[in-house]
Amino acid sequence: METIRRYFHSPIAVLGLVLLALVCAGALGAGLWYPKNPLSLAGRPLQWPGENARFVLGTDQVGRDIAAQILHGARVTLAIGLVATLLSVLIGVTLGALAGYYGGAIDDLLMRVTEAFQILPNFLLLLVLVAVFGSDLHTVVLAIGLVSWPPVARLTRSEFLTLKAREFVQAGRALGMGDLRLIFREILPNALPPVIVYASVIMATAILLESALAFLNLSDPNVPSWGNLIGGGRGVLRVQWYVSAIPGVAILLTVLAISLVGQGINDALNPRLKRS
């Protein structure tokens, strides 16, 4: 309860939570407001926002309703960010925990694997994976998760190196606890707070990576993602800039919301902010 109180004590954190709640509400209500396929033709192409009462945010270059794509795209964008984040955290925490707990040769091997993934920039490695394995949505999400785990592994390893020498771990060993029990029941819960905070960074980055792929026509064109909408508007950017600007603002607000929520969680969990 004290952590929750500290979180809501920060106006910036509350703002981020409100923005994120609005995005989630739009995603959940997309089927209610726009029950038809958002990628189906709805009217005359390139109608500006407000020009036609039927299309609050206008239509794109082929006549699809931008508002429908924004709301349905929120589902896709949040799902991409969430699944890619869970995958990267799962891989990173597992490898980081094993490396930090056992040390020695296991630590050296796992850290060399981590460094191998960090040789290339995330986006360049992502481009290679998509080029090799395809650009359907499942492959894109998997690829984003695979390029995002190394920082999590290093963070988890650092926490384990610190925590495994603590008294409660030594007491667990004295009581005969096995390695797996010590790792997952004793050390990991204490190592998770900074990982949870960093997960917000991964989620925001995952959304931006998918949008960048879609802008380059390398993401799945059969889903109404915000990145696809931005990419589709490239050809009319100079005259009908709203086609790309509207989803761009949606991405900006979503990434900002996730970042503010992550910062709020960090401040709430930071023991230096605790009052006596």
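## A tour of the aromatic rings

Start by selecting Trp241, which is partly exposed, with a relative accessible area of 48%. Keep in mind as you click around that this is a predicted model.

Next, add Trp48 to your selection. Trp48 is partly exposed too, with a relative accessible area of 31%. The structure holds 5 aromatic pairs, and you now have one of them on screen. Trp48 and Trp241 pair edge-to-face, with 5.6 Å centre to centre and 80 degrees between the planes. Now trace the chain from one ring to the other: Trp48 sits in the loop between helix 3 (30–33) and helix 4 (66–102), while Trp241 sits in the loop between helix 11 (226–232) and helix 12 (242–269). That puts these partners 193 residues apart, so the pair links distant parts of the chain.

Stay on Trp48 and bring in Tyr242. How do these two rings sit, and what is the angle between the planes? They form a tilted pair, 4.7 Å centre to centre, with 45 degrees between the planes. Tyr242 belongs to helix 12 and Trp48 to the loop between helix 3 and helix 4, so this pair ties together parts that are 194 residues apart in sequence.

Is Tyr242 buried or exposed? Show the surface and look: Tyr242 is buried, with a relative accessible area of 2%. That is under the 20% cut-off for buried.

Now select Trp48, Trp241 and Tyr242 together, and you have one aromatic cluster.

For the last stop, jump to Phe215 and Arg234. The charged end of Arg234 sits over the ring of Phe215, 5.2 Å from the ring's centre.

Conventions:
Residues numbered from 1 in each chain as written. Predicted model: local features only at pLDDT ≥ 70, side-chain atom pairs only at ≥ 80, totals over all residues. Heavy atoms only, no water. Phe/Tyr/Trp six-rings, centres within 6.5 Å; stacked < 30°, edge-to-face > 60°. Helix = DSSP H or I, 4+ residues; strand = E, 2+ residues; numbered from the N terminus. Buried < 20%, exposed > 50% of the residue type's maximum accessible area, 1.4 Å probe, protein only. Lys NZ or Arg CZ within 6 Å of the ring centre and 35° of its normal.
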